[in-house]
Amino acid sequence: MMERRELFKVLGATLVAAREGAAQHDHGTSAVLEIEGYKPRFFSDSQYRAIDAVAEIIIPTDSQSPGAHSAGVRFYIDTVLHYADPETQMKWKSGLIAVDEWTRARFGKAFVDCSADEKDQVVATMAGKEKDPSTELERFFPTLKQMTVEAYSLSDVGMTQHFGYRGNTAIAEFRGCTHPEHQSS
Amino acid sequence: MGVYGSRDGLWNMPDGVFQKTVRMRCPEMLLKRGVERLKAKGRVMEFVTQRKAIPTDPAWKRRATCHYCGQCMNGCDIDSKYTSANTPIPLAMRTGNLSLFTESTMTRIVLDNVNRRVRGIEYVTSSGQTVSLQCKALVLACSTVETARHLLINNIANSSGQVGKNLTSHFGTDVVAIFPELRSRDASNDDGTDYFHSLLTGLHWDKPHRDFDMTYQVQCGAGLNPKSLAIRDVPGYGSQLKRDLRDLNVCHAVMDMQGSLAPSPRTYVDLDPERKDRHGLPLPRVHLKYGPNDIAMARDMVETCVEIIEAAKGEVYSRPREITADTLGIDYNHWVGTLRMGTDSKHSVVNTVGQSHDVTNLYVGDSSVFAAYPEKNPTLTNIALSWRMSKSLAERAKKGELG
């Protein structure tokens, strides 16, 4: 029970951004977690760096907004997997092994030691058959991407900077659509 | 009760006393535009704002006014949204006449067989202690499956043989639209009163469809919500994925079918002969089968929604590839009908005030008493029926009829 409660606390803290005005109507804890100093509990240090690098390729920092690294996606994934069922944990462990096997066969080194260009090649290969994955490497991609997207969307960076979300707050009136061009009559 | 909505003047959805309505977002307004265009060509359907038991008028003081944070289904933090746990129960507790026994499970209904009356119940506390309670009347409100299960376990109130029968719910599928013209709209706060703000209704009410009986409604929702993205299964990766995730969610609308599932002999609740709960009581089994009527109805829903989206100049983003019994989904929150209400004790379990035909001080205060089930959401009807049951029970108590 303690563990579940802790998970909710941790996820709650990443979910809810400490924003101006939040004090007036606070829908959750506004703790800001120190992601930089976090020591992974599910992944090894090198796996943790690998997840960070892959997530950043899936959701990169670009002209639109900061990406997965800035959003702390690796921290979310490690925390969720720390509490996940053994089957889910195994899927991630074997997925990461498949990634390393591929880079060792192709480039003679583990994924984390690859150059940026080589890392891009791995992700391009993984994502090649997204709709119809057949190899271990291809099957890992949807798992990886799904949680990366979820973590990014729930992060302060993703929620506010990328999606521009300003909700989860108290307002006096919900305006909805008032555009004359969208009205039917 | 505090219900918001608009007075639409629809004969299939009568108006009530409504507080100020909560408007649709732009993608929902465009669906409405599609509906209006089809109506102009002679199609019969309506597209209206939803009605919800959430007060929106600050002058109405009986519950807090909604502040549109979108967390209606996660436990409204100011108890604005009407729910059994947060609205009537606290009110009843304030009278001083209500005691709550939480973490307790009823394990037996004790009957006085001579007088056809419930004498009391036994329940087990969280520490495993069995306790007896005497009562003048017993009201069961454990939800459709569980209330029927208790009557079956205790083998009471079932001279009609209808306990557990006539189970039904809503079933459905969904169609997702996108409106590229809305990609750059302001979607910074679409929360409102949770996702669905609009409703497609009035279909096949004037005359039945040639392929199926009864009808369906379609709850429609829209809005960018990063806490739970409506469209997250987007192909690709990199900057394009980021852009698509935002744009698609900003301009999408979901059309979610709620179809009337016809009660049939194949849809019922009974007791599992093998599996038991931790008190040794049989677990319930839910039997559910979709038939040709349901499949034909779902096919019509998909075709109609696609027509609306196209008439609105939108694009169909996703739709079920084919409709079969396997692709339909049941709504596990909307079960009704295992203890149907009626005037004839041979064919129904309770009378029109929710009182058992067989056991005169046994009442049912949940949606298991529904005798028929339209496509509409059940909760407010459920509350109205429970209200009527409570009034009748209170009158009998005042007259001293409960002993």
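**Exercise 1. A sheet in chain B**

Which residue of β3(B) is the bridge partner of B:Val110, and in what order do the strands of its open sheet run?

*Solution.* Start with the pair itself: B:Val110 has B:Gly120 in β3(B) as its bridge partner. Keep in mind as you look that this is a predicted model.

Next, widen the view to the two strands. Strand β3 of chain B covers residues 117-124, and 7 bridges join it to β2(B) in an antiparallel arrangement.

Now add the remaining strand. The open sheet of chain B has 3 strands in the order β2-β3-β4, with antiparallel pairing. Its edge strands are β2 (105-112) and β4 (130-134), each of which pairs on one side only. From one strand to the next, the twist averages 25°.

**Exercise 2. A helix and its surroundings**

Find how many of the 11 residues of helix α3 of chain B are buried, and which elements they pack against.

*Solution.* First, locate the helix at residues 144-154 of chain B. Buried here means under 20% relative accessible area. By that test, 8 of the 11 residues are buried, so α3(B) is largely enclosed by the rest of the structure.

Second, name them: B:Thr144, B:Val145, B:Thr147, B:Ala148, B:Arg149, B:His150, B:Leu151 and B:Asn154.

Third, look at what surrounds these buried residues. They pack against β2, β5 (138-140), β11 (268-276), β12 (282-287) and β15 (362-364) of chain B. So β2, an edge strand of the sheet in Exercise 1, is among the packing partners of α3(B).

Finally, step just past the helix, where B:Asn155 takes a positive phi of about 50°.

**Exercise 3. Two residues to compare**

Decide whether B:Gln219 is buried or exposed, then do the like for B:Ile89, choosing between buried and partly exposed.

*Solution.* Begin with B:Gln219, which sits in strand β9 (residues 216-222) of chain B. Its relative accessible area is 10%; because buried means under 20%, B:Gln219 is buried. Beyond residues up to four places away in sequence, B:Gln219 touches several others, including B:Gln50, B:Phe196, B:Val254 and B:Asn377. B:Cys72 lies 147 residues away along the chain, and the C-alpha atoms of the two are separated by 16 Å.

Turn to B:Ile89, found in helix α2 (residues 88-94) of chain B. With a relative accessible area of 31%, B:Ile89 is partly exposed. Together with B:Met93, B:Leu98 and B:Leu100, B:Ile89 forms a nonpolar surface patch with about 300 Å² of accessible area in total.

Note on methods. Residues numbered from 1 in each chain as written. Chains lettered and ligands numbered in written order. Predicted model: local features only at pLDDT ≥ 70, side-chain atom pairs only at ≥ 80, totals over all residues. Heavy atoms only, no water. Patch = residues over 30% accessible without salt bridge, like charges linked within 9 Å, V, L, I, M, F, W, Y side chains within 5 Å. Areas by Shrake-Rupley, 256 points an atom, 1.4 Å probe, with all protein chains shown as cover. Salt bridge = Lys/Arg side-chain N within 4 Å of Asp/Glu carboxyl O. Helix = DSSP H or I, 4+ residues; strand = E, 2+ residues; numbered from the N terminus. Buried < 20%, exposed > 50% of the residue type's maximum accessible area, 1.4 Å probe, protein only. Pairing = 2+ DSSP bridges. Axes fitted to C-alpha atoms, helices over the stretch in contact; angles between N-to-C directions. Contact = heavy atoms within 4.5 Å.
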